[in-house]
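Please follow the chain in the view below while reading the explanation after it, which moves from one residue to its sheet and then on to other parts of the fold.

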Amino acid sequence: YRPASGVSGLVTEGDPGNGAVLITLDDADYIRFDGSDGGGGTVIGDADWTIRNTNASATTSNRRATFRLINDASNNIFRFLTVEGDAAPTYGIFHFSTATTTGNDNNTIRYCTIQNYSNTTEIPGSAVYSYGTTAKLNSGNIVEYCSFIDVFGADAADIGNITLDAFNTAWTIRYNDFYKNTATTMSTGPYYHCFLKIDDGGTYVIQNNDFGSVLKKFKNKEI
């Protein structure tokens, strides 16, 4: 799926209702969402397609993912997209969910801007959240060359912009930029938020990510 050559400013959006996901890839393989018109993108600024979940319920648990991968969705590619949503912390704008046989494996998110739904004041708790299945780990997924903007779990304990919870392994997370444009106050705790949280698995590649602040004054620090 991609915009035709010469088409720009494409927007796909909708409110799927409380507790619902906008787009689900259920046991879906080798699907490509390419937001560059004509498929010729080379840098993150070539994104001509915005996909957003517009649900902005005041009840945090009602807000779910823009994309969900479930039941062994594998080898899919998301690139040159602006993906927006106000997902609750344990769902994420991209939600890698449970599996039936092998895991949701070898998917790639590349050259995407992942951020809060720009028409509301709600803040998503997590941009990429993965919680797999015992012995069917979500593995081999890649997140690279992306910008994560205004994602912050102010009312959730132990969460990150990218959260790899239980039953994950061997992800690659590199050359990404994480920052906030505005300050956010944590709710009464004990809560904390981090840019990247890994709870399980091994053989991860974490390389050359930039972690910024409100003014991006720490942007040149890399991990």
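Leaving aside neighbours within four places in sequence, T82 is in contact with A47, W49, T50, I51, T113 and Q115. The model in which these contacts are found is a predicted one, and T82 itself belongs to strand β7, which covers residues 81-84. Is T82 buried or exposed? Its relative accessible area is 15%, and because buried means under 20%, T82 counts as buried.

Strand β7 is part of an open sheet of seven strands, whose order is β1-β4-β7-β10-β14-β18-β21 and whose pairing is parallel. At the edges of this sheet stand β1 (10-14) and β21 (210-211), each of which pairs on one side only. Strands of a sheet pair through backbone hydrogen bonds, either parallel or antiparallel. At the β21 end, strand β18 (residues 177-179) runs parallel to β21 and is joined to it by two bridges, with F178 having F211 as its bridge partner in β21.

A second set of strand pairings involves β5. Strand β2 (residues 23-26) and strand β5 (residues 67-70) are paired in the parallel sense over four bridges, and the residue of β5 that serves as bridge partner of I23 is F67. Strand β5 also runs parallel to β8, to which three bridges join it, and here L69 stands opposite F96 in β8.

Both L69 and F96 return in the surroundings of N107, a residue of the loop between β8 (94-96) and β9 (108-110). When residues up to four places away in sequence are not counted, N107 touches L69, A73, S74, N75, N76, F96, G140, N141 and I142. Two of these neighbours are also reached through polar atoms: a polar atom of the N107 side chain lies 3.0 Å from the backbone oxygen of A73, and the side chain of N107 reaches the backbone nitrogen of N76 at 2.9 Å. Although N107 is a loop residue, its relative accessibility is 1%, and it therefore counts as buried. The fold also brings N107 to a C-alpha to C-alpha distance of 8.8 Å from Y30, a residue 77 places away in sequence.

The loop between β5 and β6 (77-79) holds N71, whose phi is near 60°, a positive value in a residue other than glycine. A positive phi is also found at F167, where the angle is near 65° and the residue is again not glycine. F167 lies in the loop between β15 (159-164) and β16 (168-169), and because its relative accessibility is 22%, it counts as partly exposed.

Aromatic rings provide another way through the model, in which the count of aromatic pairs comes to 16. One of them is the pair of F33 and F67, which is edge-to-face, with 5.1 Å from centre to centre and 70° between the planes. This pair links distant parts of the chain, since F33 is in strand β3 (residues 32-34) and F67 in strand β5, 34 residues apart. F33 is buried, and F67 is buried as well. Another pair is formed by F148 and F178, whose ring centres are 4.6 Å apart and whose planes are at 5°, so that the pair is stacked. Here too distant parts of the chain are linked, with F148 in strand β14 (residues 147-149) and F178 in strand β18, 30 residues apart, and both F148 and F178 are buried. Ring pairs further link Y1, F33, W49, F67, F78 and F94 into a cluster; W49, a member of this cluster, is also among the contacts of T82.

What, finally, is the count of disulfides? The count comes to zero. C112 is in no disulfide, and its nearest cysteine sulfur, that of C146, is 4.8 Å away; C146 likewise is in no disulfide, the sulfur of C112 being the nearest to it at 4.8 Å. A disulfide requires the two sulfur atoms to be within 2.5 Å, which is why a separation of 4.8 Å does not qualify. Both cysteines are nevertheless buried, C112 because its relative accessibility is 0% and C146 because its relative accessibility is 2%.

Note on methods
Residues are numbered from 1 along each chain as its sequence is written. This is a predicted model: local features need pLDDT of at least 70, side-chain atom pairs count only at pLDDT 80 or more; totals for chains, interfaces and linings use all residues. Side-chain values use heavy atoms; hydrogens and water are left out. Buried means under 20% relative accessible area, exposed over 50%, partly exposed in between (1.4 Å probe, protein chains only). Contact means heavy atoms within 4.5 Å. A polar contact is a pair of N or O atoms within 3.5 Å; within protein, one must be able to donate a hydrogen and the other to accept it, and residues adjacent in sequence count only if both atoms are side-chain atoms. Two strands pair if DSSP finds at least two bridges between them. Rings of Phe, Tyr and Trp (its six-membered ring) pair if their centres lie within 6.5 Å; planes under 30 degrees apart count as stacked, over 60 as edge-to-face and the rest as tilted.
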